[in-house]
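Me: I have a chain here and would like a close look at a single part of it. Please take it slowly and keep the terms plain.

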Amino acid sequence: MTHIHEQSSVNNAYPDPRLPLSAPGNSAVSWGAIFAGAVAAASLSLILLMLGAGLGLTSVSPWGNRGLDAGTVGIAAIAWLTFTQIVASGMGGYLSGRLRTKWVDTRSDEIYFRDTAHGFLTWAVAALISAVLFTSTVGSIIGGGAKIAGTIAGGAAATSATGVASMAKGPSPEQGLSMNYFVNSLFRANNPGTPANDASSPASPSASATPPASHQPVYPAQLGEVTGILVNSTSTGALPEEDRKYVAGLIAQHTGISQQEAEQRVQSTYDKAQAKLKDTKQKAQEAADATRKATSYLMLWTFISLLAGAFVASLSATFGGRQRDL
């Protein structure tokens with residue numbers, strides 16, 4: 001028994017050379033080559049994107065009539081993105097095919113399939129690496145698209161409320177709309193060409209007997225009250241009769257014009273504020289729609305460029321694998 005056990009140990013330590021050995025490197029996936037190609041593809045993609053961003057910044061200008069227009073820049077950006085995907089994915093796929101282990105005793109069609117799979121996996125890993133590197137950029141694009149969709153879904157009411165709120169707060173660089181301008185115009189001493197009293201009829205006893213009312217200073221609390229009335233009426237779309245008369249009374253008291261003239265001034269100013277609000281609302285909706293379209297086109301062309309990159313990576317891997325087996 002001892003002799004048999006010792007013989008078995010010797011046989012395990014030194015296998016019979018007549019038995020077939022397992023061929024080395026027969027694994028269907030060479031992950032080392034895949035990761036090497038993916039890292040190369042992601043690095044090259046980063047370099048090309050930085051180059052494209054630099055070239056894009058040199059082609060635009062904040063000054064009017066200088067640089068390229070937005071449409072040309074958008075087309076150039078899409079073309080450069082596609083070019084970046086093709087070049088980077090092609091390089092990564094070729095490296096993964098060239099650096100893989102050699103598969104022995106494997107049919108040619110199986111080798112072709114494995115090389116194609118290596119190229120696709122290289123592209124997929126490179127895409128994940130790029131997504132991690134550009135998380136902030138991708139997040140801002142998606143967040144911007146969601147914000148635009150929410151603004152459009154809000155409808156005209158939300159846009160109107162935003163415009164009215166901006167009017168109440170004061171002038172903004174984005175909209176240039178301020179309710180303060182309209183409120184201050186109400187308390188002007190006199191509109192151009194409109195006398196405080198009816199001076200066109202000198203024989204009128206009221207014109208000669210009643211002196212012009214003294215102009216009283218307007219207090220901030222009164223300005224705030226009038227602003228609140230105009231903001232509320234602009235938001236609801238109608239100026240109540242009692243509000244118009246109340247504001248007209250304040251204007252007549254502080255400017256010296258008649259109650260009727262003050263009411264006409266209030267109505268005219270209200271109509272101007274409504275027209276300005278509608279114009280601002282329309283411009284905001286047009287800008288939101290333009291941004292929505294631009295984001296949609298960017299996403300679609302990004303999908304096309306990524307699809308082209310996957311195809312080129314798979315094709316390049318088959319070419320690199322063929323070069324490897326020569």
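Where in the chain is the place of S30? Please begin there and then go on to the parts around it.

Reply: This is a predicted model, and what follows is computed from it.

S30 sits in a loop, the one between α1 (2–13) and α2 (31–59). Is S30 buried or exposed? The relative accessible area of S30 is 9%. Buried means under 20%, so S30 counts as buried. For the chain as a whole, 28% of its 326 residues count as buried.

Next come the contacts of S30. If its neighbours within four places in sequence are left aside, S30 touches R100, T101 and H118. With T101 there is also a polar contact, which joins the side chain of S30 to the side chain of T101 at 3.2 Å. The third residue on that list, H118, leads into a helix, since H118 is among the residues of α4 that meet α10.

Before turning to that helix, consider the loop that precedes it. D105 lies between α3 (70–99) and α4, in the loop there. D105 is not a glycine, yet its phi is positive, at about 55 degrees. The relative accessibility of D105 is 82%. Exposed means over 50%, so D105 counts as exposed, whereas S30 is buried.

Helix α4 covers residues 108–133, and S108 lies in it. S108 has a relative accessibility of 63% and therefore counts as exposed. In sequence S108 is 214 residues from R322, but in space their C-alpha atoms are 10.0 Å apart. R322 is one of the α10 residues that meet α4.

How do these two helices meet? Helix α10 covers residues 259–325, and its axis comes within 7 Å of the axis of α4, with a crossing of roughly 135 degrees. That angle makes α4 oblique to α10. The crossing of the pair is right-handed. On the α4 side, the residues that take part are I111, Y112, D115, T116, H118, G119, F120 and W123. On the α10 side they are L306, G309, A310, A313, S314, A317, T318, G321, R322 and D325. Sorted by type, the residues of this contact are eight nonpolar, seven polar and three charged. H118 therefore appears in two places in this account: it is in contact with the buried S30, and it belongs to the set in α4 that meets α10.

Another pair of helices can be set beside this one. Helix α6 (residues 179–186) packs against helix α8 (residues 220–236) at about 120 degrees, and their axes are 10 Å apart. This angle makes α6 oblique to α8. The α6–α8 crossing is right-handed. From α6 the contact takes M179, V183, N184 and L186, and from α8 it takes L223, V226, T227, L230, V231 and T234. These residues divide into seven nonpolar, three polar and no charged.

Finally, the chain as a whole. It has 10 helices and zero strands, so every element named above is a helix or a loop beside one. Among contacts with a separation of 6 or more, 78% join residues 24 or more positions apart.

How values were computed
Residues are numbered from 1 along each chain as its sequence is written. This is a predicted model: local features need pLDDT of at least 70, side-chain atom pairs count only at pLDDT 80 or more; totals for chains, interfaces and linings use all residues. Side-chain values use heavy atoms; hydrogens and water are left out. Axes are lines fitted to C-alpha atoms, for helices over the stretch in contact, and angles run from 0 to 180 degrees between N-to-C directions. Helices (H or I, at least four residues) and strands (E, at least two) are DSSP runs, numbered from the N terminus. Angles under 35 degrees count as roughly parallel, over 145 as roughly antiparallel, 65 to 115 as roughly perpendicular and the rest as oblique. A crossing is left-handed if the near helix is turned anticlockwise from the far one by less than a right angle, and right-handed if clockwise. Contact means heavy atoms within 4.5 Å. Ala, Val, Leu, Ile, Met, Phe, Trp, Tyr, Cys and Pro count as nonpolar, Asp, Glu, Lys and Arg as charged, and the others, Gly among them, as polar. Buried means under 20% relative accessible area, exposed over 50%, partly exposed in between (1.4 Å probe, protein chains only). A polar contact is a pair of N or O atoms within 3.5 Å; within protein, one must be able to donate a hydrogen and the other to accept it, and residues adjacent in sequence count only if both atoms are side-chain atoms.
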